[in-house]
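Okay everyone, grab a seat and pull up the model on your screens. I'll walk through it in a few stops, so shout if you get lost.

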Amino acid sequence: MRLMINGEPCDLPVGAGLSLQQLLQQLGYVQTRPEDAAVRGNFIVAVNQQIVSVALYATTGLNEDDCIDILGAMTGG
Amino acid sequence: MTTENNVAPDAGADVLQIAGETISSRLWLGSSLYPSPQVMGEAIAAASPGFVTVSLRRQSAAQVQQQVSEHGHWHLLHQQLASTGAKLLPNTAGCHSAREAILLAQMARELFATDWIKLEVIGDDYSLQPHPLQLVEAARELVAQGFNVLPYCTDDLVLCQTLLELGCAAVMPWGAPIGTGKGLLNPYQLKTLRARLPQAVLVVDAGLGKPSQAMAALEMGFDAVLLNTAVARAHDPAAMAAAFKQAVDGGRAAYHAGLMCERDQASPSTPTLGLPFWHQSGGTV
């Protein structure tokens, strides 16, 4: 499956049906419980510029050419 | 009128309130550009700011973990927020359209769990001048979505009026372009904003390089200042943060006290009545 992850094309050796939670686990953002990370305010995810809440990670299916943005807290002025 | 400001605010009740919330300080500080997270934490502790600005960016899993690690910016920032009472103020820095800024503000609200947003929409990459039209469009939508919108804007009176009429909780005109340290480049216009928008919360955002410039903004009647580079790039950021804090407090106190009106004509401060030897014929003095 081909995805755009944080603006970079990414070919994953998986077929259709990959969930957002599985993707975040593969990429190392979460271990087994996504709420452990996200509830602490570590990052926020948008799929095709739509914010996905933590509760929907597991049920959000990804499709070919989806754009995934994963944003974390940064310093700012 | 004997003073520049013809109001005599009650200094005893000098509490900054925005959108119904009490802001603990009139010095607001950015969290960027410090030599280390530790130094950032020391500067925030010294400034005891009302707001600390933050942002959000695309990050790898490793970067996310670094931010929240024991020595990361995010971890230390949370410690300082807890001890100083400062509020988080996420920004939309880097956005060039209303659409981008709205989405980033929405993501910031989810990530930082706050309705406060420093709305920034850049219209010119060279000067980092805000885009007035995109700013208004984004402000209108974010106010409708329940954000407490604090727009970074130019010092244009009509733009500021429009943003306030849309429901922005305050307006934050620039003193000078971001990161220049040039101070209050157009004091005439800033004074005009204060005079024409007497009920509005006005914050000078960007361009301040010296504590004296922050003090001048507060003396002018601005309600707060927001700065980053002048503190973060100092040899001793914590000491500079403390200097800005004193300047802001001094400027506000001076505003309350009532600055004298500037005059073109000299006027002796020592009484002349009773002066001996003056104008006596044959005198040697």
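Let's start right at A:Thr75, which stands opposite B:Val54 in strand E4 of chain B. One thing before I go on: what you see is a predicted model. That pair of residues belongs to a bigger pairing, where E5 of chain A and E4 of chain B, residues 51–58, run antiparallel over 5 bridges. If you're new to this, strands of a sheet pair through backbone hydrogen bonds, either parallel or antiparallel.

So how many residues of each chain are in contact? On chain A there are 22, and they meet 27 on chain B. Strand E3, residues 43–47, and strand E5, residues 67–75, each put at least two residues into the side of chain A that touches chain B. E5(A) gives the most to that side, with 7 residues. Sort that side of chain A by class and you get 10 nonpolar, 10 polar and 2 charged residues.

A quick look at chain A as a whole. It has 2 helices and 5 strands, and from the N terminus they come in the order β-β-α-α-β-β-β. Of its 77 residues, 32% count as buried.

Now over to chain B, with its 10 helices and 12 strands. Its C-alpha trace spans about 90 × 40 × 40 Å along the principal axes. Here 44% of the 285 residues count as buried. Take the contacts in chain B between residues at least 6 apart in sequence: 66% of them join residues at least 24 apart.

Next, the sheet I'd like you to find. It's an open sheet of 3 strands in chain B, ordered E6-E9-E10, with parallel pairing. Which strands are at the edges? Those are E6 and E10, residues 172–173, and each pairs on one side only. E6(B) is joined to E9(B) by 4 bridges, and in that pairing B:Ile117 has B:Val149 as its bridge partner. On the other pairing, 2 bridges join E9(B) to E10(B), with B:Tyr152 partnered by B:Met172.

Zoom in on E6(B) for a second. In a regular strand the side chains alternate between the two faces of the sheet. Here both faces are covered: B:Trp116 and B:Lys118 are buried on one side, and B:Ile117 and B:Leu119 are buried on the other.

What lies across E6 and E9 of chain B? That's helix H5(B), running at about 170° to E9(B). There's a nice little check on this helix: at 1.5 Å a residue, its 13 residues, 132–144, should span 18 Å, and the end C-alpha atoms are 18 Å apart, so the two agree. Its buried residues are B:Gln134, B:Leu135, B:Val136, B:Ala138, B:Ala139 and B:Leu142. As you look at those numbers, keep in mind that an α-helix has 3.6 residues a turn, so residues three or four places apart point the same way. The elements packed against those buried residues include H4, E6, E9 and helix H6, residues 157–166, of chain B. After H5(B) comes B:Gly146, with a positive phi near 90°.

Another helix to click on is H1 of chain B, residues 37–47. Its buried residues include B:Pro37, B:Met40, B:Ile44 and B:Ala47. Among the elements covering its buried residues are E4, helix H3, residues 73–84, and helix H10, residues 237–257, of chain B. Just after H1(B), B:Ser48 has a positive phi of about 45°.

Why does B:Pro37 count as buried? Because 21 other C-beta atoms lie within 10 Å, and the cut-off is 20 or more. Leaving aside neighbours within four places in sequence, B:Pro37 is in contact with B:His71, B:Gly72, B:His73 and B:Leu76.

Last stop, the largest nonpolar core. It has 100 residues, and those with the most contacts inside it include B:Leu119, B:Ala214 and B:Phe244. Helix H4 of chain B, residues 98–112, gives the most to this core, with 8 residues. If you click on B:Ala214, and skip residues up to four places away in sequence, the residues it touches include B:Leu208, B:Val225, B:Phe244 and B:Gly251.

That's my tour, thanks for listening!

Conventions
Residues are numbered from 1 along each chain as its sequence is written. Chains are lettered from A and ligands numbered from 1 in the order in which they are written. This is a predicted model: local features need pLDDT of at least 70, side-chain atom pairs count only at pLDDT 80 or more; totals for chains, interfaces and linings use all residues. Two residues are in contact if their C-beta atoms, placed from the backbone, lie within 7 Å. Ala, Val, Leu, Ile, Met, Phe, Trp, Tyr, Cys and Pro count as nonpolar, Asp, Glu, Lys and Arg as charged, and the others, Gly among them, as polar. Two strands pair if DSSP finds at least two bridges between them. A nonpolar core is a set of buried Ala, Val, Leu, Ile, Met, Phe, Trp, Tyr and Cys residues joined through C-beta atoms within 7 Å. A residue is buried if 20 or more other C-beta atoms lie within 10 Å of its own, exposed if 12 or fewer, and partly exposed in between; C-beta atoms are placed from the backbone. The expected span of a helix is 1.5 Å times one less than its number of residues. Axes are lines fitted to C-alpha atoms, for helices over the stretch in contact, and angles run from 0 to 180 degrees between N-to-C directions.
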